[in-house]
Amino acid sequence: GTLEHTKHHFALDFDGTAAVHTDGSGLTRPLGDVYQWAMEFICEAKKRGHEVSIFTAREPALHKAIAAHILIATGHTLDVTDIKRPEFTVFIDDKAIRFTGDGECESLSEISLNPKWAKKLHRYNLNPWWHPSHRK
């Protein structure tokens with residue numbers, strides 16, 4: 001099914017996708033400011049009955065801080081994990097490329113999130129429900 005009619009469990013990357021990627025490493029690396037469009041995406045996805053988790057490479061010791069960062073911005077408490085779970089149906093990541101089973105690269109047009117990214121990545125040809133053109 002399409003993203004419009006199927007209930008999904010979105011795995012939203014944190015650094016560079018939900019929030020600005022910051023310099024540094026380890027536990028001392030600060031959390032970046034959240035991207036407003038990503039926070040709106042979380043709220044709209046939850047409103048439509050989808051699940052959303054934050055999928056991050058950050059150390060587990062920072063997962064609670066990331067969850068609090070998202071809670072302040074959205075009012076939603078999200079699960080934060082560094083484990084790829086079988087219930088995740090859609091991964092949203094600034095560094096992702098999708099491949100089909102036969103090794104071919106597939107268009108990510110259904111998962112386009114932001115016109116600015118889409119232009120940059122040349123993959124925007126759909127206006128899914130979270131695109132600003134659907135807002136009143």
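Q: In this predicted model, what share of the contacts with a separation of 6 or more comes from residues 24 or more positions apart?
A: Let's start with how the chain meets itself. Count the contacts in the chain with a separation of 6 or more, then pick out those between residues 24 or more positions apart. That share comes to 60%.

Q: In what order do the elements of the chain run from the N terminus on?
A: The chain has 3 helices and 4 strands to place. Among them are strand β1 at residues 9-13 and helix α1 at residues 36-47, and also helix α2 at residues 63-74. Reading from the N terminus on, the order is β-α-β-α-β-β-α.

Q: What percentage of the residues in the chain is buried?
A: A residue goes down as buried when its relative accessible area is under 20%. The chain has 136 residues, and the buried ones make up 39%.

Q: What kind of aromatic pair do Phe10 and Phe41 make?
A: Searching the whole structure turns up 4 aromatic pairs. For Phe10 and Phe41, the ring centres are 5.0 Å apart and the planes sit at 80°. Planes over 60 degrees apart fall into one class, so this pair is edge-to-face.

Q: How many residues apart in the chain are Phe10 and Phe41?
A: Phe10 belongs to strand β1, while Phe41 belongs to helix α1. Both residues are buried. Their pair links distant parts of the chain, with a separation of 31 residues.

Q: Which parts of the chain does the pair of Phe55 and Phe91 tie together?
A: These two rings also meet edge-to-face, at 5.4 Å centre to centre and 70° between the planes. The partners are 36 residues apart in sequence. Phe55 sits in residues 51-55 and Phe91 in residues 90-92, so the parts tied together are strand β2 and strand β4.

Q: Which residue lies over the face of Phe91?
A: Phe91 shares one aromatic cluster with Phe55 and Phe88. Its relative accessibility is 29%, so Phe91 counts as partly exposed. At 5.5 Å from the ring centre, the residue over its face is Lys84.

Q: Is Thr81 buried or exposed?
A: Thr81 has its place in strand β3, residues 79-81. Setting aside residues up to four places away in sequence, Thr81 touches Ile54, Phe55, Thr56, His63 and Phe88. Its relative accessibility is 3%, so Thr81 counts as buried.

Q: Which residue has its backbone nitrogen 2.9 Å from a polar atom of the Thr81 side chain?
A: Look at the side chain of Thr81 and find its polar atom. The backbone nitrogen lying 2.9 Å from that atom belongs to Ile83.

Q: How are α1 and α2 oriented to each other?
A: The axes of these helices come within 10 Å and cross at roughly 80°. Where they meet, α1 brings Met39, Ile42 and Cys43, and α2 brings Ile70, Ala73 and Thr74. Angles of 65 to 115 degrees share one label, so α1 and α2 are roughly perpendicular.

Q: How far apart in space, C-alpha to C-alpha, are Leu71 and Met39?
A: Leu71 is found in helix α2, where its relative accessibility of 37% makes it partly exposed. Apart from its neighbours within four places in sequence, Leu71 is in contact with His76 and Thr77. Leu71 and Met39 are 32 residues apart in sequence, and their C-alpha to C-alpha distance is 9.6 Å.

Q: What is the relative accessibility of Arg29?
A: Arg29 sits in the loop between β1 and α1. Not counting residues up to four places away in sequence, Arg29 touches Asp15, His21, Thr22, Asp23, Gly24 and Arg58. Arg29 counts as buried because its relative accessibility is 15%.

Q: Which residue's side chain is joined to that of Asp15 by a polar contact of 3.0 Å?
A: Asp15 lies in the loop between β1 and α1, and its relative accessible area of 8% makes it buried. Beyond four places away in sequence, the residues Asp15 touches include Val20, His21, Arg29 and Asp94. The partner joined to Asp15 by that polar contact is Arg29.

Q: How far from Asp15 is Asp33 in space, C-alpha to C-alpha?
A: Asp15 and Asp33 are 18 residues apart in sequence. From C-alpha to C-alpha, the distance between them is 9.7 Å.

Note on methods:
Residues numbered from 1 in each chain as written. Heavy atoms only, no water. Phe/Tyr/Trp six-rings, centres within 6.5 Å; stacked < 30°, edge-to-face > 60°. Helix = DSSP H or I, 4+ residues; strand = E, 2+ residues; numbered from the N terminus. Buried < 20%, exposed > 50% of the residue type's maximum accessible area, 1.4 Å probe, protein only. Lys NZ or Arg CZ within 6 Å of the ring centre and 35° of its normal. Polar contact = N/O pair within 3.5 Å; in protein donor to acceptor, adjacent residues only side chain to side chain. Contact = heavy atoms within 4.5 Å. Axes fitted to C-alpha atoms, helices over the stretch in contact; angles between N-to-C directions. Parallel < 35°, antiparallel > 145°, perpendicular 65-115°, else oblique.
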